[in-house]
Amino acid sequence: MSRSSDWVPSLWMDTFDELLEDDELDYGDEWSLRFNYGLTDKVTKEERKRGWKIYSLCAHGTFQCASCKKTWSSARVVLLFHYRLRSDRGTVIMRPFGQACRTCQNNTFRLPGFSTTQVEEALLKLIRKIRKNCYGDDDYADNDSGSTEVPMRNRKPHEASLCEACIMGIFCKEAD
């Protein structure tokens, strides 16, 4: 049984498939989701020519340190997606970014766990981007800036030195 702090790729894949079955991308194309834990926020000129686009957002996730077992939540978990549609096949490649434990400070990044609700919200935002950028469907334009907003009173300071995305120079909304 997985804990809420466990990274569960199958939750993402199953939810993506369920959203497709619910006709969230009802254009008749076949879409797949896979993971690449080395994905960066750069797309080369050649990749752009082949149709690759990038979308990133911040979501709420939960972490657990493998060493001290401490758990913590963060509303600034960066999720990076590369996606493209070629012919009748769509591909999404995803990378979640980790955070390191403040207590241990051993520079080991833990991948986040997500609730089913958070996974669905993130994937629906991605699907809106796909509908807009791959199908020209402006009715599904993403009105937000790509992040899951959390009320200020519930926010803790973001520790960039413990954030894998920040360390890699990837914008994670830390400068609100």
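How many aromatic pairs does the structure hold?

## Aromatic pairs and their cluster

In this predicted model, the structure holds nine aromatic pairs. One of them joins Trp 7 and Phe 114, whose ring centres are 6.4 Å apart and whose planes stand at 75 degrees, so this pair counts as edge-to-face. The two rings come from distant parts of the chain, since Trp 7 belongs to the segment before α1 while Phe 114 sits in the loop between β4 and α3, a separation of 107 residues. Trp 7 is buried at 16% relative accessibility, and Phe 114 is likewise buried, with a relative accessible area of 8%.

Phe 114 also forms an edge-to-face pair with Trp 12, with 5.2 Å from centre to centre and 90 degrees between the planes. Here too the pair links distant parts of the chain, with Trp 12 in helix α1 and Phe 114 in the loop between β4 and α3, 102 residues apart. Trp 12 counts as buried, at 1% relative accessibility. Trp 7, Trp 12 and Phe 114 belong to one aromatic cluster that also takes in Phe 35 and Tyr 37.

## The nonpolar cores

In soluble globular proteins, nonpolar side chains tend to be buried together. The largest nonpolar core of this model has 29 residues, and Trp 12, Leu 79, Phe 81 and Val 92 are those with the most contacts inside it. At least two residues of this core are supplied by each of α1 (9-21), β1, β2 (53-64), β3 (71-86), β4 and α3 (116-135). The element that gives the most is α3, with six residues.

The surroundings of Trp 12 can be described in more detail. When neighbours within four places in sequence are left aside, the contacts of Trp 12 include Leu 33, Phe 35, Leu 79, Phe 81 and Met 94, and also Val 119, Ala 122 and Leu 123. A second, separate core has 12 residues, among them Leu 39, Leu 80, Phe 97 and Cys 166.

## Helix α3

Helix α3 has 20 residues and reaches 27 Å from its first C-alpha to its last, which is close to the 28 Å expected at 1.5 Å a residue. Its buried residues include the nonpolar Val 119, Ala 122, Leu 123, Leu 126, Ile 127 and Ile 130, but also Gln 118, Lys 125, Lys 129 and Arg 131. The buried residues of α3 pack against α1, β1, β2, β3 and β4. After α3 comes Gly 136, which has a positive phi, near 70 degrees.

## Salt bridges

The model has six salt bridges. In one of them, the side chains of Arg 89 and Glu 30 meet at 2.9 Å, N to O. Because Arg 89 lies in strand β4 (residues 89-96) and Glu 30 in strand β1 (residues 30-35), this pair ties together parts that are 59 residues apart in sequence. Arg 89 is partly exposed, at 46% relative accessibility, whereas Glu 30 counts as exposed, at 52%.

Another salt bridge joins Lys 42 and Asp 41, with their closest N and O atoms 3.3 Å apart; Lys 42 is exposed at 55% relative accessibility, and Asp 41 is partly exposed at 25%. The salt bridge between Asp 137 and Arg 131, at 3.5 Å from N to O, has a buried setting, as both Asp 137 and Arg 131 are buried. These two residues are linked with Asp 26 in a network of salt bridges.

## Thr 91 in strand β4

Thr 91 lies in strand β4 and is buried, with a relative accessible area of 15%. Apart from neighbours within four places in sequence, Thr 91 is in contact with Trp 31, Ser 32, Arg 34, Trp 52, His 82, Tyr 83 and Arg 84.

## Cysteines

The count of disulfides in the model is zero. Cys 163 is in no disulfide, and the nearest cysteine sulfur, that of Cys 166, is 3.7 Å away, whereas a disulfide would need the two sulfur atoms to lie within 2.5 Å. Cys 163 is buried at 2% relative accessibility, and Cys 166 also counts as buried, at 18%. Cys 166 is, in addition, one of the residues of the second nonpolar core.

Key
Residues numbered from 1 in each chain as written. Predicted model: local features only at pLDDT ≥ 70, side-chain atom pairs only at ≥ 80, totals over all residues. Heavy atoms only, no water. Buried < 20%, exposed > 50% of the residue type's maximum accessible area, 1.4 Å probe, protein only. Salt bridge = Lys/Arg side-chain N within 4 Å of Asp/Glu carboxyl O. Helix = DSSP H or I, 4+ residues; strand = E, 2+ residues; numbered from the N terminus. Core = buried A, V, L, I, M, F, W, Y, C linked by side-chain atoms within 4.5 Å. Contact = heavy atoms within 4.5 Å. Expected span 1.5 Å × (residues − 1). Phe/Tyr/Trp six-rings, centres within 6.5 Å; stacked < 30°, edge-to-face > 60°.
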